[in-house]
Amino acid sequence: GYSGQLPTSLLREKGYGIPLSRFPPTLKKEVETLLGWKQATYARDRPKGAKHRPVSSKMLQHVLCVLHGYVVNVLGEAEVSSLTQLVQMQVVGGWVEWSINERKVKGETLQRYLRLLSAALSQHPSYKALDVSWFKPLQDGIPVEPKSEARKRKAEKYLEYKALDAIPAKIRAGRSAAKTKGHGHLARVVHDELLFRWIITLPWRQLNIREMRVGGPTPNLFKRKISAFSEIDKPLWVQQEEDKNPNAAFWQFHFSCDETKMKHEVDALLPRRLIGPLEEYLKEYRVHMFSGADPGTLFVNRAGTPITRNEMTGLISNLTLRHGGRRVTPHLFRDVTAFAWLKEHPDNYLALSKVLWHQNLKTTIENYAGRFNESSGVCAMESWLDEREAKSK
């Protein structure tokens, strides 16, 4: 509804990249070979830990597509026929400069792209002769936003955890109206409520939530007896149930090394607060979410297929705007949860790192303790002194 003049920064050129399908044949084959090599289960000459998950490979492909588009559509030069011609210092450096000055792209994003591109080329044996030494100076010279500014921007988009926690009940209140419109509409409300409950209980990266399988030979979410050799930590209510029934089955989730960003397995029991909504959804409503073949994922879009990144971002953002008064994207739920946790457990960064599936504790402290700052320490000190004063009376 904005009627004023749009800022120039919003009027970015779009579509300057060239899809891989439209690359010159030789360049297309070379890129496909590189992407396949990065994703292969095993490549004899690939360094350990250099295997790409599909999401990382997709990002690498995106970088190459926009870089080729920059050469052809922005510089107006002829199409290149090989990666060694495309990935040159003057080309990549010009693209970085144009992206920052003309398109207002964030420096952190460009640094991430350069790391991905330089790593792929330096690791593949076909490009050992290619000079990539200029990548690091270029990357280090990119201006990045101070972390304090980034935290301020994020804070403006926050809803407190208490406000987010109240939204599932508000979504549930819409069941009566949806019921009059048919099973499909009611199923959608139940689906959205479960999804929202999930993301405030288990604030995973949205890729794992979107792609979580409930069927097929290797489901991520399943109900079965806990293996005697399992290292899963059990809450008290599970231990009590097993004491009564040694063969009791429990909802569990499992993600393999290839399915997590930090590349190690994740196994745990589903929190009890999710079990009721999950079983209700699976038993009565999920079947109404698709008309054709079962997509296999727990959460689906309106077409009955696995929900995409943009669809999930839009859905969660709209739900928070409608019921909380502010648009909050799925990834920000991790920040909100982290801050709420640290407010009540200021010393327990280790547990938080496991909730967020971080590889090391340093990542948790650097990325998600930003809002828990010196002012939080002052509040904690004041609370402690108040408690001491109350005890002395």
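Let me begin with one pair of residues in this predicted model: Lys-225 has Ala-249 as its bridge partner in strand E2. That pair belongs to a wider pattern, because strand E1 and strand E2, which covers residues 249–255, run antiparallel and are joined by five bridges.

If we now step back to the sheet, we find that it is open and has three strands, in the order E1-E2-E3, with antiparallel pairing. Strand E1, at 221–225, and strand E3, at 266–269, stand at the edges, and since each has a single partner strand, one side of each is left without a neighbour in the sheet. From one strand to the next, the twist averages 35°.

Next, how confident is the predictor in this chain, as given by the average pLDDT? The chain averages a pLDDT of 89, and 94% of the residues score at least 70. Among the elements of the chain, helix H9, residues 167–172, has the highest mean pLDDT, at 97, whereas helix H7, residues 147–155, has the lowest, at 72. Over residues 8–13 the pLDDT stays under 50, and for this stretch the model has six contacts beyond four places in sequence.

Finally, a word about cysteines. A disulfide is a covalent bond between the sulfur atoms of two cysteines. How many disulfides are counted here, if the two sulfur atoms must lie within 2.5 Å? The count comes to zero. As for individual cysteines, Cys-65 is buried, because its relative accessible area of 11% falls under the 20% cut-off, while Cys-257, at 35% relative accessibility, counts as partly exposed.

Terms used: Residues numbered from 1 in each chain as written. Predicted model: local features only at pLDDT ≥ 70, side-chain atom pairs only at ≥ 80, totals over all residues. Heavy atoms only, no water. Pairing = 2+ DSSP bridges. Helix = DSSP H or I, 4+ residues; strand = E, 2+ residues; numbered from the N terminus. Axes fitted to C-alpha atoms, helices over the stretch in contact; angles between N-to-C directions. pLDDT = per-residue confidence, 0-100. Contact = heavy atoms within 4.5 Å. Disulfide = S-S within 2.5 Å. Buried < 20%, exposed > 50% of the residue type's maximum accessible area, 1.4 Å probe, protein only.
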